[in-house]
Amino acid sequence: MSFNLIHQDKNSNARLGKLKAAHGVIDTPIFMPVGTQGTVKALTVRDLEECSAQIILANAYHLYLRPGLEVIKNAGGLHKFMHWDKPILTDSGGYQVFSLAKLRKVADRGVEFQSHIDGSKHTLTPESVIETQLTLGSDILMPLDECVHYPCVRDEAEVAMRRTIQWAKRSKEALSQSRIPRQNEVGLAYPASRNLLFGIVQGATYPDLRKYCAEELAKIGFDGYSLGGISVGEPQDLLYNIVQTTCEYLPKEFPRYLMGVGTPEDMISAVDCGVDMFDCVVPTRYGRNGTVFTWRGKIVVRNSPYINDLRPLDEECNCFVCRDYSRSYIRHLLNASEILGAILVSYHNIYFYLSLMEKARAAISEDRFSDFKKEFFAAYSIAKTKVEDY
RNA sequence: GUGGCUAUGGUGUAAUGGCAGCACUGGGGACUGUGGUUCCCUUAGAGCGGGUUCAAAUCCCGUUAGCCACC
């Protein structure tokens with residue numbers, strides 16, 4: 001068993017766990033910084049290690065298109081290529097198929113689409129996507145799935161959900177039959193660990209579809225279960241409802257991964273429902289665009305109130321950015337489109353996200369997650385209401 | 001001193017005599033399994049004084065300033 005449930009919070013559904021992957025053990029709940037193209041934008045691997053990142057996400061679709069699998073194979077796999085020796089979770093490209101809707105054709109066999117880079121035609125199948133991820137040397141693989149837009153009529157959601165289950169089955173089969181060498185090279189933290197494969201629960205906003213999908217996937221048997229098709233435009237409370245009900249249908253002894261989510265509030269709420277893993281572009285993308293996450297809420301440091309503000313981004317943060325630089329200076333960098341601005345805010349935001357998860361884990365281990373959540377939300381709303389003071 | 005040219009948001013520039021537009025800057029917003037140095041919204045303008053005309057950034061006169069040429 002690759003996942004150990006270490007502790008269940010007594011007053012909520014939050015849980016503490018350890019997930020054993022080929023390149024290391026991951027403490028959950030965890031946030032995984034997004035490194036789509038084999039890099040967490042604006043950050044070096046050294047930065048990520050300083051921030052205590054335990055696992056990052058990469059995207060098989062993007063890397064398959066550019067630089068191409070041969071280049072990465074030649075480099076000895078994605079870990080060596082990007083000089084990251086901790087676990088990597090790869091997304092299949094299922095989401096890109098969804099977000100690049102204009103360029104695609106979906107059928108039971110797989111997805112046909114045109115490259116967003118050069119327009120060339122490609123076909124993704126559940127099998128090819130597994131092969132790609134094995135070639136990359138991924139620790140945790142995601143199967144090809146079909147994500148639908150919000151709102152989505154029931155029939156359409158059901159078709160996509162059934163296809164996702166079929167594809168999940170084929171993915172598991174493909175993984176077990178693949179001839180690509182597994183994670184058994186010398187020097188790995190857990191050489192015996194195989195590549196982990198998660199199932200993805202679809203079903204849009206329909207609780208019965210989510211339930212059916214979760215149960216069918218559990219029957220097939222995966223190393224973890226993802227909640228997909230969430231945060232695609234639905235209102236906040238609906239998002240929490242789906243997460244909560246879906247978690248109830250998932251087996252407790254496996255990790256749960258809420259894909260693509262989210263804001264600090266989203267994550268804390270989802271941990272409360274029993275979610276263990278997250279990934280999201282928000283800390284890095286917002287960072288590049290000048291929004292900073294602090295323990296008192298988010299601030300847009302690019303804006304004029306901070307022009308002469310010599311305080312750190314977050315007075316309660318211990319990261320090197322907050323030690324060495326002022327809001328005034330960082331605002332200037334962002335305003336002048338200097339690269340360092342994006343770097344510093346991205347670093348701080350990733351540090352913040354990982355600290356948030358670390359605090360959540362500490363709280364769960366002491367059965368005080370509910371209090372932690374309350375305190376977090378109380379403090380986090382300050383920037384919104386008292387901008388002039390913060 | 002004489003002649004010529006020019007004058008439009010903070011900056012740089014458009015517009016047959018017919019709703020003064022664009023870019024940058026300034027001010028805000030957006031961003032959720034990354035097509036993002038991105039995207040959206042927005043403040044702000046005719047050197048000054050007259051005249052012609054239904055109507056003037058546009059035509060005419062004067063004036064001021066800048067530039068160019070000549071003396």
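**Exercises on strands β6 and β4 and the surface near RNA strand B**

In this predicted model, strand β6 (residues 88-91) has both of its faces covered.

**Exercise 1.** Determine which residues of strand β6 lie on each side, and whether they are buried or exposed.

*Solution.* Step 1: in a regular strand, side chains alternate between the two faces of the sheet. Step 2: Ile 88 and Thr 90 lie on one side of β6, and Leu 89 and Asp 91 lie on the other. Step 3: a residue counts as buried when 20 or more other C-beta atoms lie within 10 Å of its own; all four residues are buried.

**Exercise 2.** Identify the strands that pair with β6 and the residues that stand opposite Leu 89.

*Solution.* Step 1: β5 runs parallel to β6 and is joined to it by four bridges. Leu 57 is opposite Leu 89 here. Step 2: β10 (residues 140-141) also pairs with β6 in the parallel sense, over two bridges. In β10, Ile 140 stands opposite Leu 89.

**Exercise 3.** Describe the burial of strand β4 (residues 30-33) and its pairing with β14.

*Solution.* Step 1: Ile 30 and Met 32 on one side, and Phe 31 and Pro 33 on the other, are all buried. Step 2: four bridges link β4 and β14 in the parallel sense, with Met 277 of β14 as the bridge partner of Ile 30.

**Exercise 4.** Characterise the surroundings of RNA strand B.

*Solution.* Step 1: RNA strand B is surrounded by 44 residues, the closest being Cys 147, Ser 231, Gly 260, Gly 262 and Val 281. Step 2: at least two residues of this surface come from each of β5 (56-59), α5 (94-99), β14 (277-280) and α11 (282-288). Step 3: by class, the surface comprises 17 nonpolar, 20 polar and seven charged residues.

Key:
Residues numbered from 1 in each chain as written. Chains lettered and ligands numbered in written order. Predicted model: local features only at pLDDT ≥ 70, side-chain atom pairs only at ≥ 80, totals over all residues. Near = placed C-beta within 6 Å. Nonpolar A, V, L, I, M, F, W, Y, C, P; charged D, E, K, R; others polar. Buried ≥ 20, exposed ≤ 12 C-beta atoms within 10 Å, placed from the backbone. Pairing = 2+ DSSP bridges.
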